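User: I would like to go through the labels attached to this model and see what each one rests on. Please set each value against its cut-off.

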Amino acid sequence: MTISESSQHGTALSKALHERLDAVYSEVLDNLTKLVAVPSVAWPNVDPQHVADSAALTAELAEEVGFDNVEILRGANQDGSEGYPAVVARRAAPEGQPTVLLYAHHDVQPAGSRDDWDTEPFELTVKGDRAYGRGSADDKAGILVHLTALRLLADELDVGVTLFIEGEEEAGSPSFRDFIERYRDKLAADVIIVADSGNWAEGKPALTTSLRGMASLEFTVTTMKHSVHSGMYGGVAPDAPLALIRLLSSLHNEDGSPAVEGLVASEEAAVEYSEEDLRRDSGVLPGTDFIGRGSLASRLWSQPALTVIGMDMPSVADSSNTLHARAGAKVSMRLAPGQDPEDALDKLRKHLEEHVPFGAQIEFGASEFGSPWQADESDLVLGKALEALTDGFGEEAVKMGLGGSIPFIADLLEVFPNASILVTGIEDPDTRAHSANESLYLPDFKRAIVSEALLLKRLGERA
C-alpha cells in the first residue's frame with residue numbers, strides 16, 4: 001500500500017468509525033453521566049464506598065463491551081494498608097499479535113466549594129459543545145474513550161487488550177507500585193496507552209511526549225523558644241514569619257525563575273505557545289508579567305518551576321500582636337526531563353540551609369517526588385499514534401510536553417521496560433481539570449474515541 005493509499009484508507013476508516021460512533025453516542029453520554037454522578041474521591045476524609053461504587057460501575061461497563069474476565073483488585077500501601085479498588089479486564093491476543101494495556105482512572109479530585117461552580121459538580125451538564133462536571137474530562141471521559149473505541153471495533157480487533165482503570169490517581173497512586181508488581185502477569189503488555197493528558201487546543205490533537213517530574217518538601221523555621229508580645233520585643237527579636245518570608249524570597253531569581261542551583265533545564269520545545277494563548281488559557285491578568293526565561297513552551301514543559309503551595313502562620317482572621325516563634329511552608333518543584341528527583345530535593349534542602357536568615361533553625365519534614373519522563377522518539381509506535389490522531393481529528397497532530405506530572409509512568413517503565421508508552425487524553429486548555437467548572441469539549445471527545453479505535457486497528461496490522 002502506498003503512502004497515498006494508506007492515507008485514503010485511514011480517512012475512509014475514520015469516516016466509518018465516526019458514523020458508528022454517532023449511532024451509539026447517546027448511550028456513551030449516558031454512561032459518562034452515570035460515572036460523573038459518583039463522587040469517587042479517594043481521600044481519607046471521604047467515604048471510601050464512593051470509590052467502590054465507581055469501580056463497580058466501571059466493571060459493569062467493561063462487561064457490556066465484551067470483556068468476560070473483569071476483576072476489581074487492590075494493591076497495598078507502603079504501610080501495609082489496603083489501597084483503593086482498580087478494575088482490570090482482559091481479552092487475550094490472537095497468536096503472534098501484541099497486547100495493548102489501556103489505562104485511565106475512575107477517582108476524581110474533590111469538588112471544592114459549591115459556590116465556585118456554575119453547575120452541580122457531580123451532575124453532567126451539557127452547555128453547547130461542553131459537558132461540565134467533576135471527572136467529566138479527568139478522567140472518566142478517558143474510561144469511555146477506551147471502552148467506546150473497543151465497542152466501535154467489535155470483532156475487527158486484532159490485538160489483545162487489558163483494561164486497567166485505577167482508583168486513586170488523584171491521591172498520588174500510593175498503592176500503584178505494589179499493584180503493578182503484584183498483578184504483573186495480568187497487566188503485561190507490548191503497548192501501554194495512558195489516557196490522562198490533553199490536546200494542544202480545541203480541535204488540535206496532540207501526543208504527550210514529555211512530562212515534568214515533581215518534588216515537594218515541607219519545612220519549619222524556628223527563631224525563638226516561644227512566642228512573645230510584639231510591642232515588648234518587636235525590632236529586636238526576629239519572628240519566624242519574617243525569617244520564613246525572607247527564606248522563601250531566596251528561592252526565585254528576579255525574573256521569577258528558580259534560584260536553586262544545579263537543576264536540569266532545557267529550552268527545547270516541539271511547538272511554540274503564543275503569549276496571547278497562554279494568557280487566555282492560564283487566566284494571567286493583562287497587566288501581570290509572566291515569570292521565567294526562554295520560550296513560553298519550554299518554561300511549561302522542559303524547565304523547572306518552583307511554587308510555595310502552603311504556609312503555616314497565623315491567618316489575618318486569627319492575627320494578634322505577637323512575634324511568632326515558628327512558621328512553616330511546603331514547596332513544590334516541577335522538574336525537567338532528565339532530572340533525578342532525589343537529587344533535586346537534595347539541592348533544594350542545601351539551598352534552604354544556606355539561605356535561612358538570622359541564624360534561625362530549620363527543620364525538614366515530609367517530602368515526596370515523582371520522576372520526569374521523555375518518550376523514545378525513535379519508537380515506531382509513536383508514529384502510528386500520531387497518524388491515528390491526525391486521521392481521527394482531521395487535523396495534523398503535534399507532539400507536546402506537559403507541565404504536570406504523572407509519576408507512575410516511571411513505575412510502568414521499570415516494571416514493563418520493553419513496553420511502548422503512549423500518553424494521550426481529551427483535556428484542552430479550557431478544561432480546568434482539578435478546578436471548579438471542569439469540562440469536556442465534546443467534539444474532541446468523539447474524535448479521541450475514533451482516534452484510539454484507529455490506533456488499535458493499526459497496532460493489530462500484521463506484517
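User: What makes the contact between the side chains of aspartate 428 and arginine 130 a salt bridge?

Analyst: Two remarks on the source come before the reply. This is a predicted model, in which local features need pLDDT of at least 70 and side-chain atom pairs count only at pLDDT 80 or more, whereas totals for chains, interfaces and linings use all residues. Residues are numbered from 1 along each chain as its sequence is written, and side-chain values use heavy atoms, with hydrogens and water left out. As for the pair, a salt bridge is a side-chain nitrogen of Lys or Arg within 4 Å of a carboxyl oxygen of Asp or Glu; aspartate 428 and arginine 130 meet at 2.7 Å, N to O, so the rule is satisfied. The pair links distant parts of the chain, with aspartate 428 in the loop between strand 17 (420–427) and strand 18 (439–441) and arginine 130 in strand 5 (residues 130–132), 298 residues apart; helices (H or I, at least four residues) and strands (E, at least two) are DSSP runs, numbered from the N terminus.

User: How do you know that lysine 186 is partly exposed rather than buried?

Analyst: Buried means under 20% relative accessible area and exposed over 50%, with partly exposed in between (1.4 Å probe, protein chains only). Lysine 186 has a relative accessible area of 21% and therefore counts as partly exposed. Its salt-bridge partner is glutamate 71, the closest N and O atoms being 3.1 Å apart. Lysine 186 lies in helix 5 (residues 184–187) and glutamate 71 in strand 1 (residues 70–73), so the pair ties together parts that are 115 residues apart in sequence. Glutamate 71, at 23%, is partly exposed too.

User: Why is threonine 148 called buried?

Analyst: Threonine 148 is called buried because its relative accessible area is 3%. This residue is in helix 3 (residues 140–153) and, leaving aside neighbours within four places in sequence, is in contact (heavy atoms within 4.5 Å) with Leu21, Val28 and Ile449.

User: Why is the pair of tyrosine 103 and phenylalanine 164 described as edge-to-face?

Analyst: Rings of Phe, Tyr and Trp (its six-membered ring) pair if their centres lie within 6.5 Å, and planes under 30 degrees apart count as stacked, over 60 as edge-to-face and the rest as tilted. A search of the whole structure finds eight aromatic pairs. Tyrosine 103 and phenylalanine 164 are 5.5 Å apart, centre to centre, with 75 degrees between the planes, so both conditions are met. Both residues are buried, and ring pairs link them with Phe176, Phe179, Tyr183 and Phe408 into a cluster.

User: What makes lysine 446 a charge over the ring of tyrosine 25?

Analyst: The rule asks for NZ of Lys or CZ of Arg within 6 Å of the ring centre and within 35 degrees of the ring normal. Lysine 446 lies over the face of tyrosine 25, at 4.6 Å from the ring centre, and this distance therefore falls within the limit.

User: How large is the area buried between domain 1 and domain 2?

Analyst: The area is about 1,100 Å², of which carbon and sulfur atoms give 64%; buried area is the accessible area (1.4 Å probe) that two parts lose on being put together, summed over both. In domain 1, Trp200, Pro372 and Pro429 lose the most area to domain 2, together 44% of what that side buries. The bounds, domain 1 (1–209 + 371–458) and domain 2 (214–283 + 291–368), come from an automatic or database domain assignment. Across this interface the rule finds zero salt bridges.
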